[in-house]
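Biologist: I am new to this structure and would like some help reading it. Could we go through a few features together?

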Amino acid sequence: MKIRWHAFFNFLALFSILIFVAGIQTTLWYQLFGSVPSPLLWLNLVVFVTLYRKPMPAILTIYAMGFILLVYTGMPLKMMWISLLILFTLVYGIKTRVFWSGPGYYTIMCGFSAVAYHLVFFLISMVLEKNPANFQFVDRLVQIILTPSFAFPMYWVLAKIDRVTQDELVHEPGGMYL
Amino acid sequence: MNFFNFDLKKLVMIGIVLALPLISINMQQRPQESHWLTKPFSLLASGVSETFFGLSHGVKETTAMYVDLVNIKKESDDIKTTNNELIARQEKMNELVVENDRLRGLLSFKEQTKMNLVTAQVIGRDLVMDHNTITINKGTRDGLRSNQAVIATGGALGYIYKADALTSHVMLLTDRYSVVDGIVQRTRAHGIVEGKNQSGCALKYVEKTEDVKEGDLVVTGGLDNIFPKGFPVAIVATVERKTFSVSLKVDLRPVVDPYKVEEVFVVINANNEDFGDKYALPAEGTPPQSGTVEATAAAPATTAMPAPHSTPTQIPTPKPAAVPPREQP
């Protein structure tokens, strides 16, 4: 069996970055900005995987990411995976209809995902949880504004890693071909 | 010979010429008095002198001022630097004083209780805002495990739900998944303290017939095998009696604001500690004693923050008189 080392290193790099950004979000942001809601940096990573990977590897990677993210949160696995699955479906649905390369598109999709994630989570919480989540409008709004603000630098780093690890990427126009 | 034939005009002029020095001799006799004749000239001269003096003085002063300004700028820069250093030092000192107070409170609490406690620092928060958990810098290596109570000096904070080797994750009382046994201290009405949102929780399953009022203190019931009995949890914010409900709807404000706590205690072993009436509210009519939960809750916002926003230094400490003696090893 031929081991695809590039793909392996790409996954490794992706998960390292996931742990890194989750650490920034939970610890560094808290130490620096206290109770200001932190940007959903992990969500930007999920969006990147959804946009620039084939659907099946993408959803599996996203599930794995969700599993790892549980280390940093009290959220149960069901909530994490269901919200990620719905989010993936939404983002992928848009991608199949409208797609162009570059950080601009990625940033727009990160902004959309931030809004979608909060709505999706809120609705799932109302359906699945006995004690549903509160609609903390201001905090959610701050997160929605902050999340795409970090998309540009993240895209730069992630695209660079993709270029180095030479995985099969969809960074060019014609993303419908998957 | 025309000896007597002389020019009278010339004679008069010669006379004047000779007389003037004589007159001047007479004028010199009283030099202290200025003569009326010289007055206009002296006035003019002094005016001119004054003007020149003023001019030269002005030039001198301007020059001196410029030179001074250069020096002043340098001195000002030095003073500013020193001032900034002093301000920074003062801020550092203030921070140290606050930290010192907080640590003294923690130490005092640790000395007064018979529980085995491990001190930990809060290092992080939850990844998502829909869950209220914090991360502390102690883990299984320090003897921590799941379902151990996490408290501050003035009240319960939450419990460990996940312990890793180096860190532990604490589910705060305000998290929607958090459930803790609670008692209304005044009437001993039993209920379950359930998390609600970032700033509050609710006391559920309290019978409708129970006497619960706003401002009542809710303490841990001890049945959850997590918290020692009688430790402050929250203060009743609102009570609602619904017609078609068997239980009361009681909203609570935690006595400790979990997001303002920096150091916490993890209860390794409660050693059957029962706080009993240690945090009891004073009887009705008597003014609240400073340091009690009642005093903290009743105090205006300018003197002490309301209970849900109190920090470990502001929240109540146990009454020394009621402290049980420490067990001898």
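Modeller: Gladly; we will look at a pair of helices, then the chain contact, then chain B. Keep in mind that this is a predicted model.

Biologist: How do I read two helices that pack together, and what are the angle and the distance between the axes of H3(A) and H4(A)?

Modeller: Two packed helices are described by the angle between their axes and by how far apart those axes are. Here, helix H3 (residues 55-69) of chain A packs against helix H4 (residues 77-97) of chain A at about 145°, and the axes are 10 Å apart. The crossing of H3(A) and H4(A) is right-handed.

Biologist: Which residues meet there?

Modeller: From H3(A), look for A:Pro55, A:Ile59, A:Ile62, A:Tyr63, A:Gly66 and A:Leu69; on H4(A), their partners are A:Met80, A:Trp81, A:Leu84, A:Phe88 and A:Tyr92. Sorted by class, this contact has 10 nonpolar residues, 1 polar and no charged ones.

Biologist: Now the two chains. How many residues does each bring to the contact?

Modeller: Chain A gives 22 residues and chain B gives 20 residues. On the chain A side, H1 (5-33), H5 (103-128) and H6 (137-149) each supply at least two residues. The largest share, 5 residues, belongs to H1(A). That side of chain A has 9 nonpolar, 11 polar and 2 charged residues.

Biologist: And what is chain B built from?

Modeller: Chain B has 3 helices and 12 strands. Of its 329 residues, 34% count as buried. Among contacts in chain B with a separation of 6 or more, 60% come from residues 24 or more positions apart.

Methods: Residues numbered from 1 in each chain as written. Chains lettered and ligands numbered in written order. Predicted model: local features only at pLDDT ≥ 70, side-chain atom pairs only at ≥ 80, totals over all residues. Contact = placed C-beta atoms within 7 Å. Helix = DSSP H or I, 4+ residues; strand = E, 2+ residues; numbered from the N terminus. Nonpolar A, V, L, I, M, F, W, Y, C, P; charged D, E, K, R; others polar. Buried ≥ 20, exposed ≤ 12 C-beta atoms within 10 Å, placed from the backbone. Axes fitted to C-alpha atoms, helices over the stretch in contact; angles between N-to-C directions. Left-handed = near helix turned anticlockwise from the far one by under 90°.
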